[in-house]
Amino acid sequence: MQVHDFRRLGRTAVRCTAMSFGAAPIGNFLRPFSDSSATDMVSQAWDLGMRYFDTAPLYGHGLSEHRLGHALRGYEREHYVVSTKVGRRLKPAKPGTFDSGLWVQPAPFSASYDYSYDGVMRSVEESLHRMLTDHVDVLLMHDVDRYTHGDAQPEMFRQAVDDGFRALVKLREEKVVSAIGFGVNEADICLEALRQTDADCMLLAGRYTLLEQDPLDELLPLCESREVGVILGGVYNSGILATGAVEGAKFNYGPAPREMRERTERIHAVCREHDVPLPAAALQFAAAHPAVTSVCIGSRSPEQQNNSAVLFESEIPDALWSDLAAAGLLREDAPTP
């Protein structure tokens, strides 16, 4: 398996590399990047073979889209794929007057939810301006899940599916975008969105990993049968499958629960027996499902990014997967490399 291997995104004509660049970190996720460092990260990803780049208005409140667009401007547009998202509108605001969440020194824009038809149309136009392009290849309805909206999730989901998704369909018909879908953190919400819309693809973050394989029950089989392409984010479960069950290990953006630390340590022990780095197993397992088009990695440094690319292409013995399954750490029906 190679970083630069091209795979078709479901039934669409979009072709993505097997590993892709997640642009949340260059939006100053948890810590700041300089403009030049952000550009260097994109250039390094290109040199490593990545040709698919994912961003969103939320990431740095427009900063990620701005930096990514400027960094890619020197490359031929037909040689790479870009996805961005809709569901939030950005409005100019004085720094310090709005909640920036996990974004450090974001661009001076406040973010508010808007899954309406008009909101989606305006959001796309603003994203095109920030990214210096006339089209995006993949457009995703962002964060219509309980993690984001809590008790308001059903209302937000309903607006996104009934109103906002009509805008995505129109943009696809007008060839402003080539593929449309949803980008969420919860498999059951992905499944419901797929049942209610004509989505081409799904970006699922953190729910199909070495630690979590429930999407094998319904979501991934439905994606296969309908030729819906799957992009996987969060395949390290936001940290623990990269670091191992160390002190302070993160799971789903928070401290890892004891049961997840224990399960990770058991997986790690099997990996050690085969002299396989834990993150290599995490990456290659995620990429092995036939519905999966690309594994999207958000790296915080050139060293991290290079290491992920090396691990993605490393050799893993078949016995690792059979031993994980025999130990009850991998479902018997889970596809492996």
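Start by selecting M141. Beyond its neighbours within four places in sequence, M141 is in contact (heavy atoms within 4.5 Å) with V86, Y115, V120, A160, G164, F165, L168, G181, F182 and G183. Apart from its core lies another, of 12 residues, including C16, V81, C201 and L203.

The model is predicted: local features need pLDDT of at least 70, side-chain atom pairs count only at pLDDT 80 or more, and totals for chains, interfaces and linings use all residues. Numbering runs from 1 along each chain as its sequence is written, and side-chain values use heavy atoms, leaving out hydrogens and water.

Next, add F21, F53 and L210 to M141. These four touch the most other members of the largest nonpolar core, which has 97 residues. Such a core is a set of buried Ala, Val, Leu, Ile, Met, Phe, Trp, Tyr and Cys residues joined through side-chain atoms within 4.5 Å. Buried means under 20% relative accessible area (1.4 Å probe, protein chains only).

Now select strand β14, residues 292–297 (strands are DSSP runs of E, at least two residues, numbered from the N terminus). Six of its six residues are buried. Show β3, residues 19–22: it runs parallel to β14, joined by three bridges. M19 has V295 as its bridge partner. Then show β11, residues 229–233, also parallel to β14 and joined by three bridges. Here I231 partners S294.

Finish by selecting E186, A187, D188, L191, R207, E212, Q213, D214, P215, D217, E218 and L219. They line the second largest pocket. Four are nonpolar, one is polar and seven are charged.

Methods: Buried means under 20% relative accessible area, exposed over 50%, partly exposed in between (1.4 Å probe, protein chains only). Helices (H or I, at least four residues) and strands (E, at least two) are DSSP runs, numbered from the N terminus. Two strands pair if DSSP finds at least two bridges between them. On a 1 Å grid over the protein atoms alone, a cavity is a set of points where a 1.4 Å probe fits but cannot get out, and a pocket is an open set with protein on both sides within 12 Å along at least five of seven lines; lining residues have an atom within 4 Å of a point. Ala, Val, Leu, Ile, Met, Phe, Trp, Tyr, Cys and Pro count as nonpolar, Asp, Glu, Lys and Arg as charged, and the others, Gly among them, as polar.
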